[in-house]
Each structure stands twice: as C-alpha cells, then as structure tokens.
Protein chains: 2
Amino acid sequence: MSAVLAVDIGGTTFAAATVRADRSIAARAEVPLGADPSATLANLIDRFDPHGLIGVGIGSAGPLDAAAGTVSPVNIGAWRNYPLTSVVGELTGLPVGLAGDAQCMALGEYWHGAAAPSMLGVVVSTGIGGGLVLDGEPYFGRSGNAGHIGHISIDPAGPLCRCGATGCVETIASGPSMTAFARSHGWTGPDAKALSAAASAGHPVARLAFARGAAALATAIRTTAALVDIDTVVVGGGVAAAGEVLFGPLRRALAEQAGLGFLRHVTVTPTTLDRDAGLYGAAALAFALAGVPV
Amino acid sequence: MSAVLAVDIGGTTFAAATVRADRSIAARAEVPLGADPSATLANLIDRFDPHGLIGVGIGSAGPLDAAAGTVSPVNIGAWRNYPLTSVVGELTGLPVGLAGDAQCMALGEYWHGAAAPSMLGVVVSTGIGGGLVLDGEPYFGRSGNAGHIGHISIDPAGPLCRCGATGCVETIASGPSMTAFARSHGWTGPDAKALSAAASAGHPVARLAFARGAAALATAIRTTAALVDIDTVVVGGGVAAAGEVLFGPLRRALAEQAGLGFLRHVTVTPTTLDRDAGLYGAAALAFALAGVPV
C-alpha cells in the first residue's frame, strides 16, 4: 500500500509520520525546535527512509506562500521566506505539498471521517488559525491563505493586532490574549494552561476571560458560516484542550448570535485527533499531489 | 446559437431577458411588482416564447432554499416558501436553476469578463447581499446561502438586525440604515438617493453616514478576503450608484484595515453592468444547468 511522509512544522516542535493510504500511521517522530530550525528539520527528516514513499505533505505555521513554497512562521524568527518545499524536496527526493497548519488540521479531520463535506477547522493556541474544506476539497484560495479566521475583525474599535488591523479575533480569544485579559483584571497565574485550570475550578475572572474569548470565536464562526455556508466546525489546539470552559460559552454564544435560519444548525465539536489531525491532513495533501485517491 | 431565459426577482420589479451563449441579450422585459406577485411573474414569463430556449435561470431576492426551489423574499410578503422553481418550470416547460440575486450578480460579473477567477460580488441596496465565485465556479454552499456578507457582525454590541443577530453590516451600511443614521443626526431628507445627493454636495452628516457605512463594508470585505482569499470585489446595487461618496471612504477604510500582507491587494470596483449583472448571472446558471459551456 502506498504511503507518504507527513510533516507538521509548529512553533515549538516539528513532528512527522509516515501515513498509509488506509489512514494508518506506520512510524512517527517529534523533535523539539532547536536554535537552528533548519538543523531541526534535517534531523527530523533523517529519521525516515524515503524509499517506498510517494510524496511529502507539510502543514506549517504561517504565514506562508504556497505558490513559492516558502514559509515565514511568526514564532520561528530564523525562517523568513524560507524555501521549505525545496529544502524538503532535496532532503527526500520526493514531490512536496505545502499548506498552513490549520488548513491541514481541517483537511485531516475531514479525511479521517469526522466531518461533513464542508467544514471549518479552527486551531486555538498561541494564535488562532483556520482551514476550510468546501464540497469535499480543501480550499486554500488564490494565494494559499484562505481560512484566516483569527484575523476577522469583530470590533473595528478594538485592540491593535500584530497583523496591523484592529479588533481581530486573535486579540481576544488566543491563549496569550485571554491570559493578558485575566491578568489585567487581577488574576495572577502564568499562562493559558493555568487559566484553563482556574476557569475549570470556578475562578470568576478566568471564566470571564474564556467566555469573552468564546464569544469572539462564536462571532467569527457565525461569520464564516454566513459567508461559506458550512455547519460543521471542529476546534483543536492547546487552548481548545481546556474543554468545557471554552466549549460551553462558545455553544451558548453561537445559539444567541445565530440570526438567519441557515446559521442555526452550526455544530462545534473538539477535535478527536489532537495534533494528529495536522499530520493526517498533510498526508492527504501528499496523496492528492501524487494523484492517489484516498 | 443556444439561448436561455434569465429572470431577476427583485423587491420592486421583476425583470427577464433571453440571453444567448455569446452573452448577447435578444429580448428583455420588466414588470413592476403588483399586489399579486404570482400574477406579476406569470405576466413577465408570458412575454417570452419558451420555444428554442434550453433552460431558465432565476436570481431571486432572499432568503431562499435552493434545494427545495422555494423563496421567501423579505420584501415580498405574499411569498413564503413559494415554490418559484416549479412554478416557472410549469409556466415554461423548461429546466429551472435558482440562486440568490447577489450570487447571480457575482456570477454575471464573472461571466461577463469583468473579474478574476475568484471574486466577491456585493449588492448594496435596501439590504446588503453578496455572492462568491471561487476558482472559476459560483460557490453557493451547502444550503445555497453562501455569500451572506450583509449579516457579518462587525460589532456584537451593535444594533439588533432584522435577522436576529446584532451589529450586522446591514444595520450600518444599507440604504435605509445610512438614511436612519443621518436623520437621527439632524439630516431631513427622505431616502438613500437624497442622502447620496446630499453627500455629493458636501453635507457633513450625509458624508458621515456614507463614511460609516463604507467602513462597515470595508470590514466585511476584509473579513471575506481573510476567509476565502479573494482580491477582487465588485459592488453594485442602488446605493452603490452613489459613486465616490461610497467608494472613496470604502477604499480608504480598506487600505487602513488591511493588516496581513495578502489582504493588501484587494481592489473594489463598481459594477459596469448595473442590473444586467444579475440577468447575466442567471443566464450563466441556466447554461451550466443545461451543460452548455459558455
């Protein structure tokens, strides 16, 4: 059975796996990001034998330029317009497909059978990313950047985002944004993981921070549903692991904001694949590139 | 050469035309909406000879249920879940395709060669509608409702929209919304057309009303570009006919809000086809239904 190499380029670790066309994982590895990200990449790829593989799919933290095959991940300062596709092509001798990490997460959820033919995948973590599958196909867009749900502005008078616009969802609902909000209101914990534990334990400011983030996410999800008419949303990422403190207010806010009839059937569920969603999506990308139906 | 019947169901008039595969219009008619909209429809259809036509395409004011072939236009109270597709099918004996009016406008602009392979069409009028063409194909979505740009919420704490949500673009940028804003700030004119004339003549409140609407539209356009990665936007509809008092602040707001790099190349132009865009789009729909490449 044909198999591909799936690679996930994250801001703190790089992961990879060989994935077969029946969606089984044959081998996997994960390497913490070192001072030289290119060395980390070579170290990771070196653990796999390209012999017998038909291609490589990469899901990478963005921004990226899919046509040029380059990436400039916000959290990997050493890589700016880094030619990831050609580097991995030289390391493996295989054709390489590249997409955003959240796009691969959405595609992986779709490929793994979790979802409807059209869906939105959202990754809530240090930033907020998204990916779309429309009518059974990943939708990457003209420049490969479709699905940027974290940079929907839900409050033009809101805080300045690192992207340069104001009031982006990411300024309210990302892990660091919720943590900063809670700390500015007297909570003293260190990070989003602690904030999640505090919210679960009933801390009112922590709960408010999650409710506020969830309401912003709900607006962005509703907006996406109004524009591309999807009703299936899968949410993953480190912050989404907080569970009910995020999903409870998220579902309530969606129900309250729905409006038009076709927006009343939007369902939001947590990913069941954890980080593997991105690897499955990268694998699906590689199979598609090789023309192998899976 | 094959030809189809294109029908445009609006809130005040119904229009139709026979359109040939070379995008020429052979005959056209327009009927003001009477007390009995079904009689208006029959009157309109009766002016065309279905002999020799290969199909019908309809662009209708929404909401609509494309799968069921029914429409419930906000401004046509007598039609609720009205079986428009089957009625027109019986009147003509032809296969009938149905889409939203703004979806047809976008498809018509695309078909007529004005635009890039992926684009957003926006109709700014009594309400605000939108339609998407993605990778050279009209994108209608799961339930046929894709492109609802008027119901993107850009301010969850904003005014209640008739759809039931809050802060929708339509509550700020539609003709009646801009007129209501201006009147609540001392302007005394009757409607959006007068408001447009006043803004062109330099009336400060009228200009502010348009600038406010334009900023809301800019946020919605930027959001759409972030999600589906398009860079071509065509705007039509009665209010868009105001011209520079709308497009000037719209382009300025887009430039100010852009943020991410791939959002900096969004161009917004007025329709060059006026209401014919919707008829061309309905015709393209009918040709697609008949399997005729155009």
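A residue is counted as buried if 20 or more other C-beta atoms lie within 10 Å of its own, as exposed if 12 or fewer do, and as partly exposed in between. The structure described here is a predicted model. By the above criterion D229(B) is buried, because 22 other C-beta atoms lie within 10 Å. This residue sits in the loop between α7 and β11 (232-236) of chain B. Its phi is positive, about 60°, although D229(B) is not a glycine. R23(A) is likewise a non-glycine residue with a positive phi, of about 70°. R23(A) is found in the loop that connects β2 (13-20) and β3 (25-32) of chain A. With 15 other C-beta atoms within 10 Å, R23(A) is classed as partly exposed. Most residues other than glycine have a negative phi, and most peptide bonds are trans.

Departures from the trans form occur in both chains. In chain A, the bond from G62(A) to P63(A) is cis, with omega near 5°. P63(A) belongs to the loop between β4 (53-60) and β5 of chain A. In chain B, a cis peptide bond links G62(B) to P63(B), and omega is about 0°. P63(B) is placed in the loop between β4 (53-60) and β5 (64-65) of chain B.

Chain A is assigned two domains, with domain 1 spanning 3-104 + 275-289 and domain 2 spanning 116-270. Taken over C-alpha atoms, the centres of domain 1 of chain A and domain 2 of chain A are 26 Å apart. The contact between them involves 14 residues of domain 1 of chain A and 13 residues of domain 2 of chain A. On the side of domain 1 of chain A that touches domain 2 of chain A, at least two residues each are supplied by β5 (64-65), β7 (96-100) and α3 (101-111) of chain A. The largest share of that side, four residues, comes from α3(A). Classified by residue type, the same side of domain 1 of chain A has eight nonpolar, four polar and two charged residues.

Helix α3(A) was examined further. Eleven of the eleven residues of α3(A) are buried, so the helix is largely enclosed by the rest of the structure. The buried residues of α3(A) include D101(A), Q103(A), E109(A), Y110(A) and W111(A). Also buried in α3(A) are A102(A), C104(A), M105(A), A106(A), L107(A) and G108(A). The helix lies across β8, β9, β10 and β11 (232-236) of chain A and runs at about 45° to β9(A). G113(A), which follows α3(A), has a positive phi near 90°.

The strands crossed by α3(A) include β8, β9, β10 and β11 of chain A. An open sheet of five strands in chain A has the order β10-β9-β8-β11-β12, and its pairing is mixed. β10 (137-139) and β12 (267-270) of chain A stand at the edges with a single partner strand each, so one side of each has no neighbour in the sheet. On average, neighbouring strands of this sheet are turned by 25° against each other, direction ignored. Strands of a sheet pair through backbone hydrogen bonds, either parallel or antiparallel. For strand β8 (residues 119-124) and strand β9 (residues 128-134) of chain A, the pairing is antiparallel and extends over six bridges. V124(A) is placed opposite I128(A) of β9(A).

The two chains also contact each other. The contact takes 37 residues from chain B and 37 residues from chain A. On the side of chain B that touches chain A, the largest share, eight residues, is contributed by helix α7 (residues 204-228) of chain B. By class, this side of chain B comprises 17 nonpolar, 15 polar and five charged residues.

A turn of 180° with a shift of 0.0 Å along the axis lays chain B on chain A with an RMSD of 0.0 Å. This is therefore the relation of a two-fold axis. In chain B, the C-alpha nearest the axis belongs to I154(B) and lies 2.4 Å from it. The same surface serves both copies, as 100% of the contact residues of chain B recur in chain A.

Methods. Residues numbered from 1 in each chain as written. Chains lettered and ligands numbered in written order. Predicted model: local features only at pLDDT ≥ 70, side-chain atom pairs only at ≥ 80, totals over all residues. Contact = placed C-beta atoms within 7 Å. Nonpolar A, V, L, I, M, F, W, Y, C, P; charged D, E, K, R; others polar. Domains from an automatic or database assignment. Least-squares fit on C-alpha atoms with pLDDT ≥ 70 in both. Pairing = 2+ DSSP bridges. Axes fitted to C-alpha atoms, helices over the stretch in contact; angles between N-to-C directions.
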